[in-house]
Amino acid sequence: MTFLNDLYPENSSVTQLFSIFMSIMLGFVLNAPDVRAAGVDAAPDSLKQAFVDDFLVGAAVSRSQIMGEDPAAMDLVKQQFNTLTAENVMKWEKIHPLEDQYDWEAADALVAFSQANDMYLAGHVLVWHQQVPDWVFKDADGNPASRELLLSRMKSHIETVVGRYQGKVQSWEVVNEALNEDGSLRQTPWLDQIGADYIAKAFEFAHRADPGAKLYYNDFNLYKPEKRAGAALLVRQLQEMAIDIHGIGMQGHYGLDNPQMSDFEDSIKAFAGLGVEVYITELDMSVLPFPDQADWGADITVNLELNKQYNPYADGLPPEVAKQQADRYAELFRIMLAHRDVIGRVTFWGVNDGHSWKNGWPMSGRTDYPLLLDRDNRPKPVFYEVVGLAGNR
Ligand code: XIL
């Protein structure tokens, strides 16, 4: 500061002020990269970065993506997400098609990809009544398998699959969709042939196969008060039996009318109150009309007839509908951020709109826009809406 002292030899306060100003500026220049890294600057350009202090953000990937047939999608996956789920390749019919035959090819490739890219891998799914081959439920004569036979098959399936990926698949959706909409236990071959304790048994087998894995119950429409109560009861019963259950997966196949945000938040609070984590495991938000509210949810056996009136946006999404979706997505993320202490991860069911199963369910042949990235892997306006919430907690 000598030159200032020379100019204003008798005015030391000016010199002091200038010196303070210069040190602030210098500090600002030196610290600028840290400030940017902390997100004070522009909004983050990836979902994983946006919510790095809140929860993991992921996507479900298909067999063809895992097998390298869509490298652009996998590049996007690396850029955007820090957790993955197999959309289909770990389901029983894919990974264990015949009693004495496992098909590890795609699942192994997914595990290798996750390891190479330092991503958290969520196992989907061990015990479900869908996408499981018929032989599982039958004995050698084609009659319903006995409780003992079915339990021993379940045990060996879980031991084999969970055991193979011990320490590499960090969590497992042990039981999927065991509840009816009114919260009662769903009538499935698992329930019919084993009894209600099939759920506890599945968790026991999974825990023994990988004591370090997080284990949870997964279902759709868990925002509905009756189904929420059913899931809460299930968790409490398992806890009373000292069974290890660490979380509840709310699938999250949503739309423009469902759920009501207060119901969604009430379920998160109710599950958190049980002392378990909450995972949003299969997030998407359809913009298309849904014919019959009784079918609303994600029952994959629903297969309705295609009708032009149910496919209104085949040539593009009107901006006002996109805006409605963006507002709802933002509200969902605001709620999830408010409960970030109990939410472990949020996984989208697909990478981009073109990949989404919602183009084919509840009827095939529609054009839906349920995710944050468009058919060309570009972020949609809703993407910016969502990442713009980063830091808003
Ligand atoms: C869906 C897949 O996305 C489709 O590719 C497949 O044909 C059927 O299953 N609930 C679940 C998921 O738990 O496994 C389902 O995934 C969607 C509903």
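Q: Before we look at the helices, what makes a crossing left-handed or right-handed?
A: A crossing counts as right-handed if the near helix is turned clockwise from the far one by less than a right angle, and as left-handed if the turn is anticlockwise. Please note that the model is predicted.

Q: Which hand does the crossing of α8 and α10 have, then?
A: The crossing in which α8 passes α10 is right-handed.

Q: At what angle do these two helices pack, and how far apart are their axes?
A: Helix α8, residues 147-164, and helix α10, residues 198-209, pack at an angle of about 35°. Their axes are 9 Å apart.

Q: Which residues make the contact?
A: On α8 they are R147, L151, M154, K155, I158, E159, V162 and G163. From α10 come Y198, K201, A202, F205, A206, R208 and A209.

Q: How does that contact divide by class?
A: The contact of α8 with α10 has nine nonpolar, five charged and one polar residue.

Q: Turning to the ligand, which residues come nearest?
A: There are 15 residues around the ligand, and E87, N88, K91, H124 and E282 come nearest.

Q: What is the make-up of that shell by class?
A: The shell around the ligand has six polar, five nonpolar and four charged residues.

Q: Which ligand atom does the side chain of E87 approach, and at what distance?
A: An N or O atom in the side chain of E87 is 2.4 Å from an oxygen atom of the ligand.

Q: And what of N176 and Q251?
A: For N176, a side-chain N or O atom is 3.0 Å from a ligand oxygen atom. In the case of Q251, a polar side-chain atom lies 3.3 Å from a nitrogen atom of the ligand.

Q: How much of the ligand's accessible area does the protein cover?
A: On its own the ligand has 420 Å² of accessible area, and the protein covers 84% of that.

Q: Moving to the backbone, where are the cis peptide bonds before P259 and P362?
A: One runs from N258 to P259, with omega near -5°; P259 lies in the loop between β7 and α12. Another joins W361 and P362, with omega about 10°, and P362 lies in the loop between β9 and α14.

Q: Why are such bonds worth noting?
A: Most peptide bonds are trans.

Q: What is the phi of D118, and where is that residue?
A: Phi of D118 is positive, near 60°, and D118 is found in the loop between α7 and β3.

Methods. Residues numbered from 1 in each chain as written. Predicted model: local features only at pLDDT ≥ 70, side-chain atom pairs only at ≥ 80, totals over all residues. Heavy atoms only, no water. Axes fitted to C-alpha atoms, helices over the stretch in contact; angles between N-to-C directions. Helix = DSSP H or I, 4+ residues; strand = E, 2+ residues; numbered from the N terminus. Contact = heavy atoms within 4.5 Å. Nonpolar A, V, L, I, M, F, W, Y, C, P; charged D, E, K, R; others polar. Near = heavy atom within 4 Å. Polar contact = N/O pair within 3.5 Å; in protein donor to acceptor, adjacent residues only side chain to side chain. Areas by Shrake-Rupley, 256 points an atom, 1.4 Å probe, with all protein chains shown as cover.
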